[in-house]
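User: I have a structure open here and would like to talk through a few of its local features. Could we start with anything unusual in the backbone?
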Amino acid sequence: SIYEMFGNECCLSTGEVIKVIGFKINKLIASICENNEVNRFSAKVELPLNFPGLYKVVADKTPYVSIEEITRKVSIGPTRFGHPCFYSPEDIKLANFTIKHGEQITFTSVEEVNGTMAVNCVTIRNNQTHSFTLPLSQEGKFYECEDDQIYTLKEIAEWKIPKCRNRIVKLFNTLHMWDSSNPLPENFDGCLILMPVYEVQAVMKFRKEIVHILSDLDVEVKDITDCYDTSSFLQPLSLEDVFERTSMEFPMVAEIMEGPSGSQNPYNSLSTGKEIIVYKKYQAARVLASETRSDSPKRHFLIPMSYKGKFKRRPRELPTAYDLEIARSEKEQLHVVATKAFASPHKDLFSVSVGDQFLVQQCQTSEILYEGRKKLVDVLACEQILSDTYKKVLLPMYMEGSFVEVIHDKKQYHLSEICKEFRLPFNVKVSVRDLSIEEDVLAAVPGLQFEEEITDSYLLISSATNPVESWEIPVYRLNMLVHLLSKDVQGVVPPVTKTTVEEISEEQYYMVRRYENQTLHPPPRPPKKPT
């Protein structure tokens with residue numbers, strides 16, 4: 001059987017042995033959905049997995065009838081993507097614990113417990129986490145919980161489409177301007193039913209690359225697993241698989257079976273067939289930074305602490321009095337100028353005019369007269385800067401004005417100094433570029449906002465044939481398959497590590513903010529006006 005595969009003619013000869021290593025969704029067929037049903041007037045459209053946009057998953061209304069069915073059809077894995085949540089409409093009584101009806105059960109992993117396959121689960125009750133196991137033989141009705149997270153299509157395809165089921169999703173954010181090449185209607189913000197189209201991933205005896213076979217290929221095969229020595233095939237490993245190896249197994253030599261496509265430098269040198277040394281695995285800190293520009297889309301970066309450039313401070317824009325309270329620090333007094341007027345409805349609180357300048361003091365409570373009654377409200381104590389004096393004023397915390405920070409600090413800072421001395425978010429501009437980087441992408445950006453410091457998983461690698469420099473590759477953002485070579489590199493010291501500023505896409509930006517930092521919480525909403 002001869003067929004074309006990604007532009008290459010491939011041949012499956014009679015008698016050829018293929019080892020299937022996985023199934024993967026190749027693309028999605030989407031139909032516009034109304035009331036959980038396909039709109040019969042809408043055409044089906046084909047969506048690639050990199051189709052732009054962020055989506056919310058609509059909970060499946062069809063229950064699963066056993067834990068075994070869930071483990072067979074739903075992806076359960078080590079990352080937070082692989083922790084699905086279900087509830088039972090009936091109480092489930094265990095030996096020393098009762099799961100209440102409607103209580104959210106999070107599935108974290110599948111393992112053998114006392115000779116029986118079971119699912120490790122957690123549920124949160126009264127702010128306390130309870131861990132327990134459910135055997136695969138447990139029967140009942142299990143419904144998906146509502147999911148308030150947002151996902152890319154690729155994440156949905158990898159983790160959120162159960163086998164033998166379709167998936168309904170709701171468009172949350174398009175991320176890009178609509179144009180005529182977009183298969184979805186203009187201004188579409190509804191639901192889609194996604195039907196997956198699979199491909200088979202396989203390895204062949206005398207080929208080093210992964211073979212992708214579409215599931216609709218007309219070819220007859222026979223299962224010979226029980227009577228064939230499968231150890232003679234190469235064992236493909238993802239970067240996540242390599243990262244899960246014990247630290248004692250590093251360093252190791254690997255050959256790339258499938259390199260990342262269209263990646264930025266230096267990842268574009270990771271081509272199929274290239275041998276690399278993987279020195280170690282570790283967690284490393286990065287600062288997530290975005291361009292400070294009002295128009296969209298903004299560029300986003302992950303900056304390593306090894307970045308050798310220097311930064312100068314830039315003014316922050318602070319939209320409310322509440323933001324002034326969050327931005328102030330004990331290190332220095334916050335000086336701002338108002339760019340929008342605000343008329344206070346209370347004579348005890350200050351009305352702001354454009355151009356007014358303030359030194360921010362602290363948050364406190366103040367008594368005001370509201371509809372004939374005295375009421376305590378949160379206010380921000382400030383000093384208004386006049387021509388020759390200062391005037392103490394109180395700004396209501398619910399005030400929605402607009403302020404720009406006035407910067408008096410002319411010092412140049414290294415990245416580590418900013419993270420140590422100031423509270424993020426923090427606005428900067430590169431004043432001295434990093435001379436160790438051939439092309440410092442940050443130097444050309446007119447302004448940056450350091451949003452938060454995150455911790456991410458990395459592998460330190462170098463070329464095996466010419467190990468002049470090493471660099472860090474992100475485990476969860478670089479799609480790459482390798483197989484290990486039995487070459488002894490124990491005791492090999494990695495060469496100097498090259499600093500790499502990673503530019504990430506809009507979708508990756510949302511994912512990093514949501515997943516990489518588990519301690520991230522959105523700031524509380526500003527207080528409402530007194531009622």
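Analyst: Pro-425 is a good place to begin, and it sits in the loop between helix 5 (415-421) and strand 30 (426-432). Please keep in mind throughout that this is a predicted model.

User: What is the peptide bond from Leu-424 to Pro-425 like, cis or trans?
Analyst: That peptide bond is cis, with omega near 5°. A second cis bond runs from Phe-250 to Pro-251, where omega is near -5°, and Pro-251 lies in the loop between helix 3 and strand 19 (252-258). For background, most peptide bonds are trans.

User: OK, and which residue other than glycine has phi near 70°?
Analyst: Cys-164 has that positive phi, and this residue lies in the loop between helix 2 (153-160) and strand 15 (167-173). Asn-127, which is not a glycine either, has a positive phi of about 65°, and its place is the loop between strand 12 (116-125) and strand 13 (128-135).

User: Is Asn-127 buried or exposed?
Analyst: Asn-127 counts as exposed, because its relative accessibility is 79% and the cut-off for exposed is over 50%. Cys-164 is exposed as well, with a relative accessible area of 76%.

User: Switching to cavities, how many of 30 Å³ or more are there?
Analyst: The count comes to two cavities of 30 Å³ or more. The largest holds about 100 Å³ of space, and the second largest holds about 40 Å³.

User: What lines the largest cavity?
Analyst: Its lining includes Arg-313, Arg-316, Arg-328, Glu-332, Glu-405, Glu-421 and Arg-423, along with residues such as Phe-422 and Phe-426. By class, the lining of the largest cavity has seven charged, four nonpolar and one polar residue.

User: And what about the second largest, which classes line that one?
Analyst: The lining of the second largest cavity has nine nonpolar residues, with no polar and no charged ones. Among them are Leu-239, Val-242, Ile-276, Leu-459 and Met-480. Helix 3 (239-243), strand 20 (275-291) and strand 31 (448-463) are the elements that each give two or more residues to this lining.

User: Strand 20 has an arginine, Arg-286. Is Arg-286 buried or exposed?
Analyst: Arg-286, which is found in strand 20, counts as buried because its relative accessibility is 4%, and the cut-off for buried is under 20%.

User: What does the Arg-286 side chain have a polar contact with?
Analyst: A polar contact of 2.4 Å joins the side chains of Arg-286 and Glu-472. Leaving aside residues up to four places away in sequence, Arg-286 also touches Leu-302, Ile-303, Pro-304, Glu-452, Glu-453, Ile-454 and Tyr-458.

User: Last topic, the six-strand sheet: what is its strand order?
Analyst: This open sheet has the order 23-28-24-25-26-27, with antiparallel pairing. Strand 23 (317-318) and strand 27 (390-396) stand at the edges with a single partner strand each, so one side of each is left without a neighbour in the sheet.

User: How many bridges join strand 26 and strand 27?
Analyst: Strand 26 (residues 373-385) pairs with strand 27 over seven bridges in the antiparallel sense, and Cys-382 has Val-393 in strand 27 as its bridge partner.

User: And what are the partners of strand 24?
Analyst: Strand 24 (residues 334-340) pairs with strand 25 (residues 357-370) over four antiparallel bridges, and His-335 stands opposite Leu-359 in strand 25. Four bridges also join strand 24 to strand 28 (residues 402-405), again antiparallel, where the bridge partner of Val-337 is Val-404.

Notes: Residues numbered from 1 in each chain as written. Predicted model: local features only at pLDDT ≥ 70, side-chain atom pairs only at ≥ 80, totals over all residues. Heavy atoms only, no water. 1 Å grid on protein atoms, 1.4 Å probe; cavity = no way out; pocket = protein on both sides within 12 Å on 5 of 7 lines; lining within 4 Å. Points joined across faces, edges and corners; volume = space filled by probe spheres on them. Nonpolar A, V, L, I, M, F, W, Y, C, P; charged D, E, K, R; others polar. Pairing = 2+ DSSP bridges. Buried < 20%, exposed > 50% of the residue type's maximum accessible area, 1.4 Å probe, protein only. Contact = heavy atoms within 4.5 Å. Polar contact = N/O pair within 3.5 Å; in protein donor to acceptor, adjacent residues only side chain to side chain.
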